[in-house]
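Hi,

Here is the structure I said I would pass on. Have a look at it first, and my notes follow underneath.

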Amino acid sequence: VTKCVPVDGDVFGYEHRNTDHMLLKSAIWSDKVDMAGALTGVIDDLRENVLYKFGVDEMILVEVISFFMPFKFKIGKHICHKVCPEVMILGDTRVGKSTTAKDLSIHFGAGRYVDCGSNATFVGLVGGNADVGSSKAFTWGVIPTSNRGHLALDEYNKLDIRTIGGLTNIKSSGVAERTTNSGARKTTATVRFLTMCNPRTMFGNSKRIQAYATPLDAAIEVVGSPQDLARVDLLYVAYGVSDNKVLNTMRDSNVDHRYTREIAHYHLKWAWALTEEKIKFSSPQYVLDRSIELVESLGKIQLIAPAEAKFKLGRIAVAFACIVYSYDPINNGVEIHNDHVDLAYEFIMKLYGEYIRNAGVKTGVLPDSILEIFNKIPQQRVKHLRILSTSQTWINSDFSQIFGPAVGPNFKYEAQLEHNLMTRSRGGSFLPEPNVRDLIAEYVRNRLEKGQ
């Protein structure tokens, strides 16, 4: 694993200094009348004076969010137990994901960058016995040694699925554990993760994001399952900029450079010093209400579990409040107002609303046309769908028995030709795609519980 040592090790030594406090407040809020304007001003300054990347403001914002997400926090009496926040950026090559992360790390004076190429190992990431001269010695990897900081894992799609799965407990608990010949070892590993990836190469072939019905399918291939993807706090899909005028135009910045490296460093020191007690929501009930709306709007996908929606929304709202420096003078903390929560809600809806447009079985969703056929089955016959959910192969007579001779061919057409839910095998039978039978079983269970 290639390591990048933090640019400045004093990032964990925050002390409130009134001069820096006023400079930071002025840099973000000067000439701004609302929170959205302040947020846009920070991104404009970074784009024009630090990053020099154009047409990708949204991606810049997402990477900045990854630096400002909190670890532990509470929403009223609800405690977020997932310690390590994670932002994932999925994009084709050469969209600027990696260079933006590196440049932001330099500007903030903190963070580490790792290229997870073909040589990345679990030992290098987490820890284990490594060769030291002619002997072996235990060393902790790049994740535990980035404790309390920010870690950008590039080329994340090149990690083995089992390696990614092995990081799950660390991301949830903030604790790294290894068992060696000398016994069990444990250390804290609370890290803000920024994982950057391309679509995973499958069977020697690589695909562009546009080749997928939904980018969620590409993201699931990277991490392994919809459940693994659901653990990500924010997923962003970065498409390349195709406008040559945007990419190849000489520009003189017309944005005053107020968000300098020194101010950004002080800003991050304050944000990284925030503990659970210093993160205060002005209206916890408002977060819960907006979370209900979020689940109702995006509930058809497994990307946001109902029990976790408030924490995903809350975590992003905290990041927005930190970026615009919503300073609480009582304890040098941050106060999250309802407009921060609204912005987080609208941001999630904007991104995920586009992703779920063509969501299918791989994402954990039955297509609408299939649901329409299922919903027309009378309640007393809905159990007949278990013929499909319990059979490893399907045959034409199954479709006629369940849906009737008139609708059976329609189901076959939709399932095979429109949505690729099954493939024909020898002997005229059909093999359902992975997840299809589970989703049908879930549909039957829900229909029977509701009684309609």
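**Charges over rings**

The charged end of Arg290 sits over the ring of Tyr345, 3.9 Å from the ring centre. Keep in mind as you read that this is a predicted model. There is another case of this kind at Phe138, where Arg185 lies over the face of the ring, 4.3 Å from its centre.

**Next door: Ser291**

Ser291 is part of helix α12, which covers residues 284-298. Is Ser291 buried or exposed? Its relative accessibility is 5%, so it counts as buried. Leaving aside residues up to four places away in sequence, Ser291 touches Ala309, Lys310 and Leu313. With Lys310 there is also a polar approach: a polar atom of the Ser291 side chain lies 3.5 Å from the backbone nitrogen of Lys310.

**Ring pairs**

Searching the whole structure turns up 21 aromatic pairs. One of them is Phe374 with Phe411, a stacked pair with 6.1 Å between the centres and 25° between the planes. Phe374 belongs to helix α15 (residues 368-375) and Phe411 to helix α18 (residues 408-418), so this pair ties together parts that are 37 residues apart in sequence. Both partners are out of the solvent by the numbers: Phe374 has 1% relative accessibility and so counts as buried, and Phe411 is buried too, at 2%.

Then there is Trp394 with Phe399. Their ring centres are 6.4 Å apart and the planes meet at 85°; planes over 60 degrees apart count as edge-to-face, so that is what this pair is. Trp394 comes out at 0% relative accessibility, which makes it buried, and Phe399 is buried at 1%.

How do these rings fit together? Phe374, Trp394, Phe399, Phe403, Phe411, Phe430 and Tyr443 are linked by ring pairs into a cluster.

**Around α18**

Phe411 has buried company in its own helix: Gly408, Glu414, Ala415 and Gln416 of α18 are buried as well. What do the buried residues of α18 pack against? Their partners are the helices α15, α16 (386-389) and α17 (396-403), along with the strands β15 (422-424) and β16 (430-432). After α18 comes Asn420, which has a positive phi, near 55°.

If you open the model, I would begin with the stacked pair of Phe374 and Phe411, then follow the ring cluster that includes Trp394 and Tyr443, and finish with the surroundings of Ser291, including its contact with Leu313.

Cheers

Note on methods. Residues are numbered from 1 along each chain as its sequence is written. This is a predicted model: local features need pLDDT of at least 70, side-chain atom pairs count only at pLDDT 80 or more; totals for chains, interfaces and linings use all residues. Side-chain values use heavy atoms; hydrogens and water are left out. Rings of Phe, Tyr and Trp (its six-membered ring) pair if their centres lie within 6.5 Å; planes under 30 degrees apart count as stacked, over 60 as edge-to-face and the rest as tilted. Helices (H or I, at least four residues) and strands (E, at least two) are DSSP runs, numbered from the N terminus. Buried means under 20% relative accessible area, exposed over 50%, partly exposed in between (1.4 Å probe, protein chains only). A charge sits over a ring if NZ of Lys or CZ of Arg is within 6 Å of the ring centre and within 35 degrees of the ring normal. A polar contact is a pair of N or O atoms within 3.5 Å; within protein, one must be able to donate a hydrogen and the other to accept it, and residues adjacent in sequence count only if both atoms are side-chain atoms. Contact means heavy atoms within 4.5 Å.
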